[in-house]
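Hi everyone, thanks for making time for this. I'd like to walk you through one structure, and I'll put it up before I say anything about it.

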Amino acid sequence: MVKRWSTSAFFPFKGQGDYYAPNLNINGERVQYDEDTYITDLLTEHALEWLDNRDKEKPFFMYLSHKAVHALFKPAKRHDGVYDGKTIDKPATYSQTIDDDYKDLKWPEWVKQQRHSWHGVDYMYHGKNGTFDENLQKYCETLLGVDESIGSVMEWLRANGLDESTMVIYMGDNGFSWGEHGLIDKRHFYEESVKVPMLIRCPEIFEGGKNIERMVQNVDVAPTIFECAGVKKPDYMPGKSMIQLLEGNEEGWRERVYYEYFWEYDFPMTPTVFGVRTDQYKYMRYQGIWDQNELYDIINDPDEQYNLMGQPEYADVAKQLASDLYDWLEETHGMNIPLKRTVKNPYGDYRHPNQY
């Protein structure tokens, strides 16, 4: 006998939404909230209300996806200013593109150029949210609302006796640079951009307190949920259930992850990027520009500071990873670069704002 799941509910917003005075589509009906309503709190309230009103006799799945901390960052009023004057130590690769040090490290020229653009530390978001330190402050203050949200959900599970048997997956939808290589944002294959924070808890299934080093991907999330639900993963779906890793079984797990990013009309500072990462090496190949490809030993150079491309002793490594990358692109029908119809002024190209 198959148990039916709890009735679904749907609370999306248009585009990236608004931090204050949000407009939600609640099961097909548009609802406008006032200026005192903060989006993180509102989504949390709806999530807890749905949990309270679900059918208690049925299993449930809830996906709570916050707008925060998407730029431009706006904290809840109770958190605004709590980090005034606070700064961080700049990362090891922050300053090399201020002058020409990056050339000795064999970094691509596009990285230098991007430093002074929408996605660089010197002109981030065209100055719309202030300086680097001001942006980071607002980011951390905005994240406090998300911290409280997760705490509210976990407390609800404890209060209802479900915290041991409910799998909770906490993750971001993308990584983010804060000054590494003089960049911000997510549109590159450096570690801080491509890595996604992920925590998983379910004491009934596995022991906690472990740091799993094997490479998992966001395509593994759905198969993991399917296995918990007792549902067979469709054959066409990529990814693997992470349950085996959580239970301590690493047999047959992947040894490489692949990456592709296609140049965007609105954000032309980042070129088309193809890449592959193993536990030791990262290979990045650029398309459509005359520039330097990259190879890093991420065990011995975790900051990805010293590009090894072109060094004779690493030629075989680079050649093998390039071959692996093209094998993957051919297998996944990735040899054709997509085009998107964009007849408009570019959003993020400050050099040519009025062009078509």
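Let's begin with a pair of strands: E7 and E8, the latter covering residues 272–277, run antiparallel and are joined by five bridges. Two strands count as paired here if DSSP finds at least two bridges between them. Before I go on, please keep in mind that this is a predicted model, in which local features need pLDDT of at least 70 and side-chain atom pairs count only at pLDDT 80 or more, while totals for chains, interfaces and linings use all residues. Residues are numbered from 1 along each chain as its sequence is written, and side-chain values use heavy atoms, with hydrogens and water left out. When I say helix or strand, I mean a DSSP run, numbered from the N terminus: H or I with at least four residues for helices, E with at least two for strands.

Back to the pair. Within it, Tyr259 of E7 stands opposite Gly275 in E8. Which residues of E7 are on its covered face, and which on the uncovered one? Val257, Tyr259 and Tyr261 are on the covered face of this strand, residues 257–261, and Tyr258 and Glu260 are on the uncovered one. As background, side chains in a regular strand alternate between the two faces of the sheet.

Now, what packs against E7 and E8? The buried residues of helix H8 do, and they also pack against strand E9 (281–287) and strand E10 (294–297). Buried, for this talk, means under 20% relative accessible area, exposed means over 50%, and partly exposed is in between, using a 1.4 Å probe and protein chains only. H8 runs over residues 315–331, and its 17 residues reach 24 Å from first C-alpha to last, close to the 24 Å expected. That expected span is 1.5 Å times one less than the number of residues. The buried residues in H8 are Ala318, Leu321, Ala322, Asp324, Leu325, Trp328 and Leu329. Looking down the axis of H8, these buried residues fall within an arc of 160°, so they line one face of the helix. The arc is taken from the directions from the helix axis to the C-beta atoms. Turned away from that buried side are the exposed residues Asp316, Lys319, Glu330 and Glu331. Just after H8 comes His333, with a positive phi of about 60°.

On to the nonpolar cores. By that I mean a set of buried Ala, Val, Leu, Ile, Met, Phe, Trp, Tyr and Cys residues joined through side-chain atoms within 4.5 Å. The largest one has 28 residues, and Leu24, Phe73, Tyr125, Phe132 and Trp178 touch the most other members. Strand E1 (23–26), helix H1 (39–53) and helix H4 (132–159) each give two or more residues to this core. H4 has the largest share, four residues. Apart from this core lies another, of 15 residues, including Trp107, Leu183, Tyr259 and Tyr296. So Tyr259, our residue opposite Gly275, turns up again in this second core.

H4 deserves a word on its length: its 28 residues should span 40 Å at 1.5 Å a residue, and its end C-alpha atoms are 41 Å apart, which agrees. After H4 comes Gly161, with a positive phi near 70°.

Next, Ser193, in helix H5 (residues 191–194). Is Ser193 buried or exposed? It counts as buried, at 4% relative accessibility. Where does its side chain reach? To the backbone oxygen of Lys186, at 2.5 Å, and also to that of His188, at 2.9 Å. Ser193 is also in contact (heavy atoms within 4.5 Å) with residues beyond four places in sequence, among them Asn174, Phe176 and Asp185.

Asp185 is a nice one to look at: it sits in strand E5 (residues 184–185), and its phi is near 80°, positive in a residue other than glycine. Asp185 is buried too, at 7% relative accessibility.

I'll finish with some unusual backbone spots. Ala21, in the segment before E1, has a positive phi of about 55° although it is not a glycine. The peptide bond from Ala68 to Val69 is cis, with omega near 10°, and the one from Ala71 to Leu72 is cis with omega near 0°. Val69 lies in the loop between H1 and helix H2 (101–104), and Leu72 is in the loop between H1 and H2 as well. Thanks, and I'm happy to take questions.

Notes
A polar contact is a pair of N or O atoms within 3.5 Å; within protein, one must be able to donate a hydrogen and the other to accept it, and residues adjacent in sequence count only if both atoms are side-chain atoms.
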